[in-house]
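Reader: I would like a close look at one part of this model, followed by its setting in the rest of the chain. Please take a single loop residue and work outward from there.

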Amino acid sequence: MGQLSRDVRGRLRGLTKENAERIGLHLVMAGRLLDVDPERAYEHTQAAVRRGGRVDVVREAAGIAAYRTGRFAEALRELRTVRRLNGSSEHLPLMADAERGLGRPERALALAASEEARTLDAEGRTELAIVASGARSDLGEHDAALAVLDRIPAAERRGDLGLRVLQARAAALEAAGRQDEAAQLLAGVDPADLERASGAPQEEDDVVVYDTYDEDAVDEDLDVGAGDADDAGRPDQSDATVASEGAEPVEPEQTEQESVSAPEQGDEVDGPDAGKA
């Protein structure tokens with residue numbers, strides 16, 4: 001628990017101490033494994049969801065891990081749940097990119113043009129612009145893909161994020177068949193810097209892995225307080241967290257007013273989760 005931020009620890013305070021500590025351990029391991037073993041990180045988030053499905057940071061971790069393992073329909077479902085729980089749209093870029101991964105670039109562009117997109121900070125807006133550029137390329141709108149990147153303010157093209165914008169421009173040029181220009185654009189950049197900016201895992205100390213097997217075995221017999229009845233061992237029915245890949249269930253809060261753009265309502269997956277475009 002000590003490795004979690006004060007904010008995350010605060011979000012877990014509504015649970016029993018034992019349950020919060022178990023969930024916290026899974027969240028720590030998920031964070032440490034996300035870059036080196038995303039599938040294992042995903043397993044840890046699922047164990048955490050089984051114990052604390054009503055906690056926003058738990059569902060957030062599950063959504064990010066689902067995204068990183070290519071479970072795009074599940075990532076969308078989890079990140080929408082996070083938005084309902086805490087009202088934040090900070091993960092809009094991931095949601096838009098998940099739409100691209102499902103072969104729905106039009107929906108990605110709808111998210112980028114939504115009112116929610118205007119609430120993002122500078123980094124979030126730049127990330128969303130990178131996704132929107134990719135969506136334009138997906139649709140064969142190559143000039144528009146480059147134009148989206150041109151509109152990113154110079155002040156927001158610094159550091160690793162600036163390198164990611166450069167990579168996005170190179171990808172847009174390649175998609176347009178302008179490979180020589182793309183290669184020239186990246187020629188003067190250190191490949192190690194590009195790799196770091198793209199999120200490739202860096203060398204770290206060995207990660208000591210906490211196995212999820214024993215956790216799964218004790219879930220059924222865990223004696224929790226009444227206040228944790230919905231949080232341990234069985235997520236509440238309104239938040240089905242594990243569904244078969246390739247299909248999004250009907251969300252039970254259909255009557256709840258949700259501030260999302262129109263294209264997100266009643267989503268249906270048009271096939272198995274696609275790879276990220």
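Author: Leaving out residues up to four places away in sequence, His 91 touches Glu 60, Ile 64 and Leu 79. The model is a predicted one, and His 91 sits in the loop that runs between helix H5 (72-86) and helix H6 (92-101). Is His 91 buried or exposed? Its relative accessible area is 13%, and buried means under 20%, so His 91 is buried.

Helix H5 (72-86), on one side of that loop, leads to the aromatic residues. A search of the whole structure finds one aromatic pair. Tyr 67 and Phe 72 form this pair, and the arrangement is edge-to-face, with 5.9 Å from centre to centre and 65° between the planes. Edge-to-face applies to planes over 60 degrees apart, so the angle of 65° puts Tyr 67 and Phe 72 in that class. Both partners are buried: Tyr 67 has a relative accessible area of 12%, and Phe 72 has a relative accessibility of 3%.

Another ring has a charged residue as its partner. Arg 71 lies over the face of Tyr 42, at 3.8 Å from the ring centre. Tyr 42 is one of the buried residues of H3, a list that also includes Ala 41, His 44, Thr 45 and Gln 46. Further along H3, the buried residues include Ala 47, Ala 48, Val 49, Arg 51 and Gly 52. Helix H3 covers residues 38-52, and its 15 residues should span 21 Å at 1.5 Å a residue; the end C-alpha atoms are 20 Å apart, which agrees.

Helix H2 (residues 17-33) can be checked in the same way. Its 17 residues should span 24 Å, and the end C-alpha atoms are 24 Å apart, which agrees. The buried residues of H2 include Asn 19, Ala 20, Ile 23, Gly 24 and His 26. Leu 27, Val 28, Met 29, Ala 30 and Leu 33 are also among the buried residues of H2.

A second loop residue, Glu 156, is found between helix H9 (142-150) and helix H10 (159-175). Glu 156 has a relative accessible area of 15%, and the cut-off for buried is under 20%, so Glu 156 is buried. What does the side chain of Glu 156 make a polar contact with? The partner is the side chain of Arg 125, at 3.3 Å. Arg 125 also appears among the contacts of Glu 156 once neighbours within four places in sequence are left aside, together with Ala 122, Thr 126 and Leu 161.

Ala 182 lies in helix H11 (residues 179-186). At 1% relative accessibility, Ala 182 counts as buried. With residues up to four places away in sequence not counted, Ala 182 touches Ala 170, Leu 173 and Glu 174. Ala 182 and Gln 167 are 15 residues apart in sequence, and their C-alpha atoms are 8.7 Å apart in space.

As for the whole protein, its secondary structure comes to 13 helices and zero strands. Of the 277 residues, 45% are buried. Among contacts between residues at least 6 apart in sequence, 65% join residues at least 24 apart. The accessible surface comes to about 14,100 Å², and carbon and sulfur atoms account for 47% of that surface.

Technical notes:
Residues numbered from 1 in each chain as written. Predicted model: local features only at pLDDT ≥ 70, side-chain atom pairs only at ≥ 80, totals over all residues. Heavy atoms only, no water. Helix = DSSP H or I, 4+ residues; strand = E, 2+ residues; numbered from the N terminus. Buried < 20%, exposed > 50% of the residue type's maximum accessible area, 1.4 Å probe, protein only. Polar contact = N/O pair within 3.5 Å; in protein donor to acceptor, adjacent residues only side chain to side chain. Contact = heavy atoms within 4.5 Å. Areas by Shrake-Rupley, 256 points an atom, 1.4 Å probe, with all protein chains shown as cover. Expected span 1.5 Å × (residues − 1). Phe/Tyr/Trp six-rings, centres within 6.5 Å; stacked < 30°, edge-to-face > 60°. Lys NZ or Arg CZ within 6 Å of the ring centre and 35° of its normal.
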